[in-house]
Amino acid sequence: MPELPEVETVRRGLAPAMEGAIIARAQVNRPDLRWPLPERMADRLTGRRVTRLGRRSKYLLADLDDGQTLIVHLGMSGRMQVSGIRIGIFHHDHPAPAKHDHVVLHMDTGARITFNDARRFGAMDLAPTRELDSHWLIRDLGPEPTGNGFSEGYLAARLRGRMTPIKAALLDQRIVSGLGNIYVCEALHRAGISPLRKAGRIAPARVAALVPVIRDILAEAIDAGGSSLRDHRQADGQLGYFQHTFRVYGRENAPCPTDGCGGTVRRVVQSGRSSFYCPLCQR
DNA sequence: ATGTGTTCCTGTCCGC
DNA sequence: TGCGGACAGGAACACA
């Protein structure tokens with residue numbers, strides 16, 4: 001499900017309920033998600049104060065006061081929802097336990113953080129905070145697309161000589177981390193680049209143009225609270241609304257929204273995943 | 001090294 | 001209303 005904007009949206013919603021609060025009780029309802037959960041996870045979380053809730057790529061990172069960090073990935077269908085706190089004038093009551101509520105953190109403030117993941121492609125691990133950069137899930141990640149490391153020069157260098165389609169290259173988390181199927185489709189449309197084009201065969205000026213396009217689209221999506229198709233919810237349960245601005249994703253056979261283009265959005269499957277694009281204005 | 005297809009799991013939707 | 005198949009926002013893994 002979630003790509004960088006959805007994870008960042010969730011992080012922002014969870015932070016007020018988690019940062020500074022103590023995990024009074026960690027409820028772990030099954031031994032595994034995509035992989036086994038950490039050994040004795042409930043014991044190791046109980047009594048710990050969350051000092052900071054960060055994010056790297058699509059990973060949420062909850063730093064704890066004992067030098068460990070809880071790493072959380074939402075996979076395709078994962079949600080992290082907060083209850084038992086007041087947001088503005090609204091009080092979010094605790095919901096009834098639901099199917100696929102795999103981990104629940106009961107905070108000492110009365111807040112509750114529920115990790116629900118039907119498909120169980122999500123993951124959690126615990127690792128020393130100072131060793132996070134060398135953690136096997138983190139170490140090979142490319143730069144954050146919103147950061148300085150993701151520059152026109154960097155991207156050009158990473159794409160040079162690559163015969164793989166640009167679609168696959170942008171989905172490769174080692175090249176740039178945080179993009180997924182939706183935002184790659186949308187960014188390529190805005191940049192006028194076909195998802196089928198070989199990554200190493202894009203004119204330098206067009207590669208350069210891709211960088212600000214990706215930055216802008218992610219920033220806009222975060223502002224909109226992410227994109228809610230099936231699973232994504234903000235931490236307070238609200239829907240994101242960036243999906244209403246999709247130009248091509250999920251719009252097979254719709255007219256291309258580019259001014260004066262007149263093309264029709266097509267869907268093709270690339271390495272097992274749908275790509276939506278306009279064959280007229282994306283070359 | 002690089003590129004591609006398969007796999008994990010559950011839920012939903014669509015056509016018959 | 002039921003049933004089968006396609007498809008879903010991710011990404012590790014096996015293999016050519």
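**Exercise 1. The surroundings of Ser83**

Ser83 has a relative accessible area of 4% and is therefore buried, a value that, like every other one here, comes from a predicted model. Determine in which strand Ser83 is found, and with which side chain Ser83 makes a polar contact.

*Solution.* Begin with the position in the chain: Ser83 is found in strand 5, which covers residues 78–83. The class follows from the cut-off, since buried means under 20% relative accessible area, and Ser83, at 4%, is buried. Turning to the side chain, that of Ser83 makes a polar contact of 2.8 Å with the side chain of His94. Beyond residues up to four places away in sequence, Ser83 touches His92, Asp93, His94 and Pro95, together with Gly110, Ala111 and Arg112.

**Exercise 2. The nonpolar cores**

Work out how many residues the largest nonpolar core has, which elements give two or more residues to this core, and what Leu179 touches.

*Solution.* The largest nonpolar core has 35 residues, and the ones with the most contacts inside it are Leu155, Ile166, Leu170, Leu179, Leu210 and Ile214. Two or more residues of this core come from each of helix 3 (152–159), helix 4 (166–171), helix 5 (181–191) and helix 6 (204–223), and helix 6 gives the most, with 8 residues. Leu179, when residues up to four places away in sequence are not counted, touches Leu170, Leu171, Val184, Ile214 and Leu218, as well as Glu3, Lys58 and Gln173. A second, separate core has 33 residues, among them Ala15, Leu37, Leu105 and Ala111.

**Exercise 3. Helix 5 and what covers it**

Establish how many of the residues of helix 5 are buried, what covers them, and which residue follows the helix.

*Solution.* Of the 11 residues of helix 5, 10 are buried, and the helix is mostly covered. The buried residues are Asn181, Ile182, Tyr183, Val184, Cys185, Glu186, Ala187, Leu188, His189 and Ala191. Their cover includes helix 1 (4–18), helix 4, helix 6 and strand 12 (273–277). After helix 5 comes Gly192, whose phi is positive, near 70°.

**Exercise 4. Aromatic pairs**

Classify the ring pair of Tyr183 and Phe242 and that of Phe242 and Phe246, and state which residues form one aromatic cluster.

*Solution.* The structure holds 5 aromatic pairs. For Tyr183 and Phe242, the ring centres are 5.9 Å apart and the planes stand at 35°, so this pair is tilted. The pair links distant parts of the chain, 59 residues apart, with Tyr183 in helix 5 and Phe242 in the loop between helix 6 and strand 11 (266–270). For Phe242 and Phe246, the centres are 6.2 Å apart and the angle between the planes is 70°, which makes the pair edge-to-face. As to accessibility, Tyr183 and Phe242 are buried, and Phe246 is buried too. Finally, one aromatic cluster is formed by Tyr183, Phe242, Phe246, Tyr249 and Phe276.

**Exercise 5. The surface near DNA strand B**

Describe which residues surround DNA strand B, how they divide by character, and which atoms of Arg162 and Thr164 approach a phosphate oxygen.

*Solution.* The residues that surround DNA strand B are Lys99, His100, Ala118, Arg119, Arg120, Phe121, Arg162, Met163, Thr164, Pro165 and Ser271. Of the atoms of DNA strand B that come within 4 Å of the protein, 69% belong to sugar and phosphate. By character, the residues of this surface divide into 4 nonpolar, 3 polar and 4 charged. Next, the individual distances: an N or O atom in the side chain of Arg162 is 2.5 Å from a phosphate oxygen of DNA strand B, whereas for Thr164 a polar backbone atom is 3.0 Å from a phosphate oxygen. A polar backbone atom of Ala118 is 3.5 Å from a sugar or linking oxygen of the strand.

**Exercise 6. Two loop residues**

Decide whether Asp133 and Lys198 are buried, partly exposed or exposed, and list what each touches.

*Solution.* Asp133 has its place in the loop between strand 10 (123–128) and helix 3, and because its relative accessibility is 67%, Asp133 counts as exposed. Not counting residues up to four places away in sequence, Asp133 touches Ile138 and Arg139. Lys198 has its place in the loop between helix 5 and helix 6 and, at 38% relative accessibility, counts as partly exposed. With the same sequence neighbours left out, Lys198 touches Arg162, Met163, Thr164, Pro165 and Ile166.

Key
Residues numbered from 1 in each chain as written. Chains lettered and ligands numbered in written order. Predicted model: local features only at pLDDT ≥ 70, side-chain atom pairs only at ≥ 80, totals over all residues. Heavy atoms only, no water. Near = heavy atom within 4 Å. Polar contact = N/O pair within 3.5 Å; in protein donor to acceptor, adjacent residues only side chain to side chain. Nonpolar A, V, L, I, M, F, W, Y, C, P; charged D, E, K, R; others polar. Core = buried A, V, L, I, M, F, W, Y, C linked by side-chain atoms within 4.5 Å. Buried < 20%, exposed > 50% of the residue type's maximum accessible area, 1.4 Å probe, protein only. Helix = DSSP H or I, 4+ residues; strand = E, 2+ residues; numbered from the N terminus. Contact = heavy atoms within 4.5 Å. Phe/Tyr/Trp six-rings, centres within 6.5 Å; stacked < 30°, edge-to-face > 60°.
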